[in-house]
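Student: I am new to this structure and would be grateful for a close look at a single part of it. Please take me through that part step by step.

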Amino acid sequence: MIAGLFKFNGGVKPDTHKNESAQTPIRTAPMPARLFVPLRQSARTTARCIVQPGQKVLKGERIGVPDEFLGTAIHAPTSGTVIGVELHTMAHASGLGTRCVIIEPDGEDRWIDHHGFDKVDATREDKLAWLRDCGVVGLGGATFPSHIKAGRGTGIDTLVLNGAECEPWITCDDRLMREQPADILAGALILQELVGATRIVVGIEDNKPEAIKAMRAAVKDTNGDITVTAIPSIYPAGGEKQLIRVLTGIEIPHGKLGADFGVQCFNVGTARAVYRAMAFGEPLISRVVTLTGNVEQPGNVDALIGTPVTDLIAQARPKADTNRTLLGGPMMGFELPAQDVPLGKGINCLIACSPSLFPPPPPEMNCIRCGACARACPADLQPFELYWFSRAKNFGKAQEYHLFDCIECGCCAYVCPSHIRLVDYYRFSKSEIWAREREKAAADAARDRFEFRNERQEREKREKAERLAAKAAATKAKLAEEAKAKEGESGADTGAKAGEDDAKAALIKAALERAKQQKAQVQAKNTDNLPPGVEAQIAEAEARRQAELAPEVPAQDTPSDAPEKQ
């Protein structure tokens, strides 16, 4: 058991404004005319669409599959027809678009054939894959995949269930704990088994007495080491590291996670989604959203993923002077760039704003280095230093001052007497650093490819030269062996070769002699009864032939000293 509660440094106590929406039960949001289901449910990954325009889908049918390690499946929130897959403004301050599957409901709301998880012969990996295929992610705002956060199943001692809900105006977790505590605890027990924890601690701020009572009553009907603890109402006690510090006394240092110290934290809404997925096979296709602010009927609704914000705000009946909509709480939320933004899994609150309820911020003045921001920072940072470095675009120094330890809770901006929007500067610096790291990674990859290509070409040249050199050496050695063999045989064959040459010469001489004799024996034919003139011509030709066959007698040379004839 935990002996007592602990404290974290900093924090603020803004007006909570929770009673406005926490007094009425959760109601089901009406079916919109069209659903715009985002394929990107978080900044980390996008699902791959597997449906085509014109295709009929059923409620709970898979329309997107994960392509990456951190991805989860996306499902149709109701039955109907896919009428397009198009870019649509996403729930982000940038106003950029993301691909959405546009579904036109048929009004029948027909489910696919779904059933609970079959535990017979199932492994832990099978259970995690089931959660991934059901699209279960963290519903506290970060939408981190639950099957990844469950970890390796070892090394976790305490499972922390986050029901603090410290952000002002937001009451969706409060109402969920009041109305469905048994489902939340059932999901917590499933998560306890997956992470391998020995105990469960539920942290709820003490400004939610009804939720604390309901959860403690549900614990009595549950077997397991489960403790429901009321914690002081101070913002941001619902931050993961801050809640772990308050409940366990463990301070998570820079660059570490709670799992590194044997503690894992899940939102109460996530636990309920895990239970629905494992017990009934229901994918995460809806969530509870707080509708509050400058409206006549504040409250919480269970709305389908992909419902346009305009349809949700309209249910709360915004007042005439409403001029904008805030997504999330006033401390960490942001103004929506458009009213047709679809509901995503990470949206837990929509606040209708008016000039009287949320007046324009005063003009920003110079930092006076009063140190109020540092005293309020729950992460023990120096916000004024981060502000100067971020403003000067000295991102290296900002990182040295642990910029990425900032949880963007807004405590520093809340207490700043100069009305400096400090968190905006930190977000700008983080985005610039991430952009430069992406560019550097791309440049490094291009350089690696270029160097690899050059090295490959040089290697191929070397291998080719080596092959040619080896072939030339082998040819030279072969020729040398043949020459040596010929030299050894030349001495023994010289006499035989000379005798062969003489025999060949004798044969040639004998053949010439035979040819000459045959030529001499040739007799003219068909010479009978010839005219006298023809016989005379034949006789002359025969005489010339005999003269040619007769051996030539060399003429005698006249002596040089013989007397000349007178």
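Which residues are buried in α6?

Tutor: The model is a predicted one, and the account below follows helix α6 within it. In α6, the buried residues are Ala211, Ile212, Ala214, Met215, Ala218 and Val219. Because these residues cover an arc of only 165° around the axis, they lie on the same side of α6. The general geometry of such a helix helps here: an α-helix has 3.6 residues a turn, so residues three or four places apart point the same way.

The opposite face has its own character. Turned away from the buried side of α6 are the exposed residues Lys213 and Lys220. Exposed here stands for a relative accessible area over 50%, whereas buried stands for one under 20%.

One may next ask what lies over the buried residues. The elements that cover them include the helices α4 (172-179) and α5 (181-195), together with β10 and β11 (226-231).

The length of the helix can be checked as well. Helix α6 runs over residues 209-220, which makes 12 residues. At 1.5 Å a residue they should span 16 Å, and the end C-alpha atoms are 17 Å apart, which agrees.

One of the covering elements, β10, also takes part in a salt bridge. The side chains of Arg199 and Asp157 meet in this bridge, at 3.8 Å from N to O. Arg199 lies in strand β10 (residues 199-205) and Asp157 in the loop between α3 (146-149) and β9 (158-162), so the pair ties together parts that are 42 residues apart in sequence. Asp157 is partly exposed, with a relative accessible area of 36%.

Conventions:
Residues are numbered from 1 along each chain as its sequence is written. This is a predicted model: local features need pLDDT of at least 70, side-chain atom pairs count only at pLDDT 80 or more; totals for chains, interfaces and linings use all residues. Side-chain values use heavy atoms; hydrogens and water are left out. A salt bridge is a side-chain nitrogen of Lys or Arg within 4 Å of a carboxyl oxygen of Asp or Glu. Helices (H or I, at least four residues) and strands (E, at least two) are DSSP runs, numbered from the N terminus. Buried means under 20% relative accessible area, exposed over 50%, partly exposed in between (1.4 Å probe, protein chains only). The expected span of a helix is 1.5 Å times one less than its number of residues. The arc is that of the directions from the helix axis to the C-beta atoms. Contact means heavy atoms within 4.5 Å.
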